[in-house]
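This note is for a colleague opening the structure for the first time. The points below are best read with the structure in view.

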Amino acid sequence: GTHADPDGGHGGGQSDGDDDFSEPDEFCCPISMELMSKPVLCSDGHNYDEVHVRAWLNAGNRTSPMTNEPLKSLYLEPNVTLKRRIDSWKAKRDARQRSARR
């Protein structure tokens, strides 16, 4: 599942100023499609933003939001490494946005 739109308006070239600030797919929650603030690793092997996957589980779902396969476990493991990478990417992006404004 890629978000690529073959004849789509945005994508492809890195010349667009905004492209520099768009977050890598791996940093986005597959449920919300937004940048994750507290990434957790689910037993389906996918990372989700904790708030969204908890809401999914609290609604009584016992399947993977990504694959619909039954979850082996409802344990959510904080993905510290991914969180660190997201935080460092955000800091770089914020610095770039500040310097771009000048």
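1. A residue is called buried when its relative accessible area is under 20%, exposed when the area is over 50%, and partly exposed in between. K83 has a relative accessibility of 32%, so K83 counts as partly exposed. Please keep in mind throughout that this is a predicted model.

2. The sheet. Three strands make up an open sheet, in the order β2-β1-β3, and the pairing is antiparallel. The edges are taken by β2 (47–49) and β3 (77–78); each has a single partner strand, so one side of each has no neighbour in the sheet. Strand β1 covers residues 39–41 and is joined to β3 by 2 bridges, the two strands running antiparallel. Within this pairing, V40 has P78 of β3 as its bridge partner.

3. Helix α1 against the sheet. Helix α1 spans residues 50–58 and lies across β1 and β2, at about 95° to β2. Which residues of α1 are buried? They are E50, V53 and L57. Viewed down the axis of α1, the buried residues fall within an arc of 75°, so they line one face of the helix. The cover over these buried residues includes β1 and β2. On the face of α1 turned away from the buried side, V51 and N58 are exposed.

4. After helix α1. G60 comes just after α1 and takes a positive phi of about 100°. Further on, R62 sits in the loop between α1 and β3. The relative accessible area of R62 is 43%, so this residue is partly exposed. A polar atom of the R62 side chain lies 2.9 Å from the backbone oxygen of L57. Leaving aside residues up to four places away in sequence, R62 touches L57, E69, P70, L71 and L74. R62 and S73 are 11 residues apart along the chain, and their C-alpha atoms are separated by 8.8 Å.

5. A salt bridge between distant parts of the chain. The model has 5 salt bridges by the rule applied here. One of them pairs R85 with E26, with the closest N and O atoms 3.0 Å apart. R85 belongs to helix α2 (residues 80–101) and E26 to the segment before β1; with their positions 59 residues apart, the pair links distant parts of the chain. Are these two partners buried or partly exposed? R85 is at 40% relative accessibility and therefore counts as partly exposed. E26, at 44%, is likewise partly exposed.

6. Salt bridges of helix α2. K83 and D87 form a salt bridge in which the closest N and O atoms are 3.1 Å apart. Both residues lie in helix α2, and their spacing of 4 residues is about one turn of the helix. D87 has 32% relative accessibility, so D87 counts as partly exposed. D94 pairs with R93 in a further salt bridge, the closest N and O atoms being 3.4 Å apart. Here the partners fall into separate classes: D94 is partly exposed at 29%, whereas R93 is buried at 17%. Elsewhere, salt bridges with shared partners join K38, E50 and R54 into one network.

7. The surroundings of R93. This residue is placed in helix α2. What does R93 touch, not counting residues up to four places away in sequence? The contacts are with F21, E23 and L35. R93 is charged as one half of the salt bridge with D94, yet R93 counts as buried because its relative accessible area of 17% is under the 20% limit.

8. The surroundings of L82. L82 is also placed in helix α2. Its relative accessibility is 5%, so L82 counts as buried. Not counting residues up to four places away in sequence, L82 touches E26, F27, M36, P39 and N47. L82 and N47 are 35 residues apart in sequence, while their C-alpha atoms are 8.9 Å apart in space. E26 is thus named twice in this note: as a contact of L82 and as the salt-bridge partner of R85.

Notes:
Residues numbered from 1 in each chain as written. Predicted model: local features only at pLDDT ≥ 70, side-chain atom pairs only at ≥ 80, totals over all residues. Heavy atoms only, no water. Pairing = 2+ DSSP bridges. Contact = heavy atoms within 4.5 Å. Axes fitted to C-alpha atoms, helices over the stretch in contact; angles between N-to-C directions. Buried < 20%, exposed > 50% of the residue type's maximum accessible area, 1.4 Å probe, protein only. Polar contact = N/O pair within 3.5 Å; in protein donor to acceptor, adjacent residues only side chain to side chain. Salt bridge = Lys/Arg side-chain N within 4 Å of Asp/Glu carboxyl O. Arc of directions from axis to C-beta.
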